[in-house]
Amino acid sequence: MSTGALERGTRAAERPAGGLNRRQVHGLAACYFVASFAALGLPPYLTGILPALGDREGRWAGLLYVVPTVFSALGAPLWGRLADRFGRKRLLLRAQLGLAVSFLLAGAADSLPAFTAALVLQGFLGGTFAATNGYLGAALRGADLSRALTLMQGSARASLVAAPVLVGALSPWLSPHRQYLLMAVLPLAAAVLLAFLPEPGQPARTAAADGPPGAAPERRPLRLLYAFEFAFVFATIVSFPYLIALVEQHLPGVSGTVAGVLFALPHLVYLLTAGRVHRLFHHRPRTGLFAAFALVGLGLAGHGAAHTLPAFVLARTVLGAGLTLGLVCLSVLAAAAAEGRPPGRMFGTLELVSKGGAVAAGAVAAAVNGAFGPTAPVLTGTAAAALAALLVLLTRWSPR
């Protein structure tokens, strides 16, 4: 993927004191990429999967779309605490194997209740992103950690772009439902690769750690990090569920391919620019986060006013710039907040907050779309981003 600039950024992790070298960090990113394929690529095809399971009109697709997210959020803090107690590598392996088991059950399900149970298990037993971040947080510090977290986001974006395309390409030969069985191989392969990685050790504390040894970290910066994470996820995701409907309304006759490219465009912006953005904003994440919310709000507002293809491309590109800035700066802030804290618990709670923002965004998007049409979700995201930008501007805080 085009986040190759991040490869140069991970050179500092070659130091033994960092706990993981560059190759190991990239191996983790590859494991997360392949494990995300089914989780991100198959849900868009739920409306085609459910009729064979008894839901002829696919009415349960919207609810089942968020079921893994909800149970992943509920399970993340528990798995994070267990990782701090029993070992991060062990719990990361558990997450990959949990995904494999749930995919096998989903692919073999022959009824709607059985398929729903498999999705519940996928959410609760999975949680690979939080587990991966907890693993990294135990091994890296400061800039090394924030670069690695940015790389993990790049893996997620690449999978989000590529997975639906691959699933669609395989559909003429293997139904999306049965592709769950095939996709179970991917987290199994990731688990095999992870087995060769070390249990992360604790690197030397950086000069960024404030306060005397043994001092308890302040809670306020962590709460602000959670608030900004929730607001950012909400503001960006609230436009996702009904974007295709909005594009079709504003651009009558547009092809499905063009609509899909417009959907993927912000994620492509991330893949192309995340490494450079990290270098530019690593020492000023608060400024970057304010700019991120401002750009997200501006980009979403542009969606409502766009009635030509170039206008939509511009709006999606601006949104992509905000998405990139926000994800990178939140990674920098999370890396700073992890200093002196149990990483499994912190990243597990952060995952809970993030998934909570996604679920809230989906629920609000459904409500406002039903009441006011497909323009309403993007305007809701604009308002949320504007309020969050104001909060960043008015709040004086240091993440450490």
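The largest cavity in this structure has a volume of about 110 Å³. Keep in mind that this is a predicted model. Here's a quick tour of that cavity, one helix that sits inside the fold, and one pair of packed helices.

**The cavities**
- Rolling a probe the size of a water molecule over the atoms shows where empty space is left.
- For this model, the count comes to three cavities of 30 Å³ or more.
- Want to find the largest cavity? Its lining is made of 16 residues, and A76, W79, G80, A130 and A131 are the ones nearest its centre.
- The elements that each give two or more residues to this lining are α4 (61-86), α5, α7 (128-139) and α16 (343-372).
- Sort the lining of the largest cavity by class and you get eight nonpolar, six polar and two charged residues.

**Helix α5**
- α5, one of the helices that help line the largest cavity, covers residues 88-108, which makes 21 residues.
- From first C-alpha to last, α5 reaches 31 Å, close to the 30 Å expected at 1.5 Å a residue.
- Of the 21 residues in α5, 15 are buried, so this helix is largely enclosed by the rest of the structure.

**Helices α2 and α8**
- Two packed helices are described by the angle between their axes and the distance between the axes.
- Here, α2 (residues 22-41) packs against α8 (residues 142-170) at an angle of about 35 degrees, and their axes are 8 Å apart.
- α2 and α8 make a right-handed crossing.
- What classes of residues are in the contact of α2 with α8? There are 18 nonpolar residues, five polar ones and no charged ones.

Key: Residues numbered from 1 in each chain as written. Predicted model: local features only at pLDDT ≥ 70, side-chain atom pairs only at ≥ 80, totals over all residues. Heavy atoms only, no water. Axes fitted to C-alpha atoms, helices over the stretch in contact; angles between N-to-C directions. Helix = DSSP H or I, 4+ residues; strand = E, 2+ residues; numbered from the N terminus. Left-handed = near helix turned anticlockwise from the far one by under 90°. Nonpolar A, V, L, I, M, F, W, Y, C, P; charged D, E, K, R; others polar. Expected span 1.5 Å × (residues − 1). Buried < 20%, exposed > 50% of the residue type's maximum accessible area, 1.4 Å probe, protein only. 1 Å grid on protein atoms, 1.4 Å probe; cavity = no way out; pocket = protein on both sides within 12 Å on 5 of 7 lines; lining within 4 Å. Points joined across faces, edges and corners; volume = space filled by probe spheres on them.
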